[in-house]
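Got the viewer open? Let's take a walk through this one together, stop by stop.

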Amino acid sequence: MLYPKNSVDKLGFTEIKELIKAHCLSEMGRQMVDRIQVMDNFDLIRKFLSQANEFKNILENDEALPIHHFFDIKTLANKAKIEGIFLSEEEFYQVQASLTTVFAVIAYFNDREGLYPNLEALFEHLPIEKAILKKIGLIIDEKGKIRPNASRELQDITSGIAKAEQEARKKIDQVFKNATSSGWTADGSLTVRDGRLCIPLLAENKRKLKGFIHDESSSGQTVYIEPEEVFTLNNKVRDLEFDRRREIVKILTALTDDLRPYVPLLLSYHSLLTKLDFVRAKALFAIDIEAEMPQVVNEAKLKLTNARHPLLLLNFRKEKKAVVPLNVVIDERTRVIVVSGPNAGGKSVCMKTVGLLQMMVQAGLLISASEVSVVGVFKQLFVDIGDDQSIESDLSTYSAHLSKMKTFVEQANGKTLILIDEFGTGTDPQFGGPIAEAVLESLNHKKVKGMVTTHYSNLKIFASHTEGLENASMLFNNVEMLPLYMLEVGKPGSSYAFEIAQKIGLPQNVINLAKNKVSAGQKKVDTLLVDLEREKKEIFDTKIKLDKQQKQVNELLAENEKLKSYLEENKKALIKDAKDQAKNIILNANKLVENTISEIKSSNADKEITRNLRENLNIELQKNTVKPTVVKPLPDAEELKPGDWVKLIDSETSGQVIEIIKDNVVIAIGDLRTVAKKKRVIKVAKSTVPKEIRKSFNNNTGDIANFSPEIDVRGQRTEDALSNIERLFDRALMMGFGSLKIIHGKGDGILRKMIRQYLKKYEQVDRMEDEHADRGGDGITYVYLK
């Protein structure tokens, strides 16, 4: 239930319907848009949302649906129902074209069976009766004209007409030639008068040629005569044309009789075409406003994430401005949000966004909010926005408000969403405030959900200590005196009346006079609110800074864990290799010792031979002796700087310094990064670092130096653009870059949408933003990585 009825106009829903109608291909589709209503049937809402979402996926990611012709075949089917009535050639052509579209659409979905279940349900159990097309095709050609061979009689008549016209033309050409040679004709050639081919004769020669005068020139000097010899032949052609028309009527009547049994099926086909046009228009509008399908629940609750007012979004896009997104939760814990703050700070827009998006969802429309948003179903939507004073009903502005409050209090319940703008205004604040508080208390007892905006301090105080109510304010930059259009839930906001008055230049003496007239208590409350607003802004900025630092800490911890894992794996591998080598050395040593002993015995311990054998043993020993690595430290006085080579004191790992942060050193070890204290590293000469490590580092730094986190995909096909972006994305992740810049251009916005939708699937993506309007706006996307 909507109350009052003009709520659809107040919230902008009527404008939404007009924008959807602009995407319809047929009048039937536009009529269906006119019939859109807010529903409270959960299953219907979910079905309509799913249909629009599936069609949106087709438009963005699949081949185009073969929709070419939309004609009102319902009217034609109803006409064909009547006995003795026949459809014209053009009407049969419309039926033929519409059925061709229907069968092509059904074939399209049959090829994708199971991909779009909610759209497939539109034509479930609908038979494909191609016999209709076949019968029409035998009579009507591709241009919508009746075929000359539609019947034997028509073919004979058509041939007779062609033969008689040829004979008449031949005869009149001969007469014209003779008349011209005799000098009887006027300047010009044969001409048509009253549908008959005539010879232009000079008026003084009109009695020299027998025939029928059809016309004369405005000057009277030329007459147009149909020769007697041709008159009979032309009459024959005329008679044959009458015969042809009668035969065509006979054929079309018979074809209409054949079509009559299929009228119920034609009406079903008409219904399918109308629904397809309707759903297509909803999907196209959803793309226009960057809409998604929220999670729909069968409860009276609401959680909007990154929500934007669709009409404001479209207007701002023309002006190349961005809409500040809204995040709000209305549930059993926070039932009614009391929004306060300065005028022109965005309170009303915030409330209208909530109301319009809720109305759109319950009408089966996708909304301009994140797909993680949760939208419930409300049985009633009560709206009090704007001035509804009525001279006819003798209602003032405040009386009109009170009349609505009476209905709200009497009929609202736990499944009602209320939206009240400037709650309690229109009368003396000394009395309007308490009445508004009493109404709010009564509504809260009924567990209603909703949002109200106000400037009254008593409502802010009441909301702060009442269960189910929650204060909220629109953030305001009280230094520059500019609204930030961001909703902050939890604290009330100041109206900034004196500050705004001072900014616009109201004389200071007037402002001081006004301040003196405000009670001390009220002045103290407003000052506290201003201070609170300032503190909120500082906390908000600090939170953003801390989040950024925490993100950097998490990245460093992750890198350390990766390095530790890398070292553990290499340690095990090195130990295994060392054991294998030791095993081989021992086996070889045993063989060498045994051979040496055998040779000493065979030579009876000859001194010379024994000495040579000992030398051989020493040579083998030297081969398997590991030479200690000599580290050449540089002078201690020389400070570490980026680019220096260092070695970790408690390991054999070497790397190059990338950055020095106080007592910490960021070191690159191949593709890995680690952080170590200065006292845990020792500076070494580059020549002592193994060539393999230097080479791998040079390759890596070369890649980083040559890498650009920017790509231009304008003019590329979608799949090529996504493939190139994926390669850039992978390299950016490996090299530790924090952001990418993608230049895709504006156009219709399809490529931008596809790129953003594609990158959403990566958990490494933190957020995506448009470039500043002066530097490319929504033609450039910045991708920030976690």
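Which residues lie nearest the centre of the second largest pocket? Select R308, R752, R756, M768 and E769: those are the ones nearest its centre. Keep in mind as you look around that this is a predicted model.

**Stop one: the pocket**

Now widen the selection to the whole lining of the second largest pocket, which comes to 36 residues. The space they line has a volume of about 1400 Å³. To see where the lining comes from, colour three elements: α12 (310–318), α23 (750–759) and β23 (765–770). Each of them supplies at least two residues of the lining. Pay special attention to strand β23, because with six residues it gives the most to the lining.

**Stop two: a patch on the surface**

Next, clear that selection and pick L402, F431 and I435. Together these residues form a nonpolar patch on the surface, with about 260 Å² of accessible area between them. Want to know which helix F431 belongs to? Show helix α15 as a ribbon: F431 is found there, within residues 429–445.

**Stop three: the whole chain**

Zoom out and switch to a cartoon view. You're looking at 23 helices and 24 strands. Of the 786 residues in the protein chain, 42% are buried. Turn on the surface and you have about 43700 Å² exposed, with carbon and sulfur atoms supplying 52% of it.

Last, try showing contacts. Among those with a separation of 6 or more, 69% are between residues 24 or more positions apart.

Conventions:
Residues are numbered from 1 along each chain as its sequence is written. This is a predicted model: local features need pLDDT of at least 70, side-chain atom pairs count only at pLDDT 80 or more; totals for chains, interfaces and linings use all residues. Side-chain values use heavy atoms; hydrogens and water are left out. Patches are made of residues with over 30% relative accessible area and no salt bridge: like charges are joined within 9 Å, nonpolar side chains (Val, Leu, Ile, Met, Phe, Trp, Tyr) within 5 Å. Accessible areas come from the Shrake-Rupley method with a 1.4 Å probe; for residues, only the protein chains shown count as cover. A salt bridge is a side-chain nitrogen of Lys or Arg within 4 Å of a carboxyl oxygen of Asp or Glu. Helices (H or I, at least four residues) and strands (E, at least two) are DSSP runs, numbered from the N terminus. Buried means under 20% relative accessible area, exposed over 50%, partly exposed in between (1.4 Å probe, protein chains only). Contact means heavy atoms within 4.5 Å. On a 1 Å grid over the protein atoms alone, a cavity is a set of points where a 1.4 Å probe fits but cannot get out, and a pocket is an open set with protein on both sides within 12 Å along at least five of seven lines; lining residues have an atom within 4 Å of a point. Grid points are joined across faces, edges and corners, and a volume is the space filled by probe spheres set on the points.
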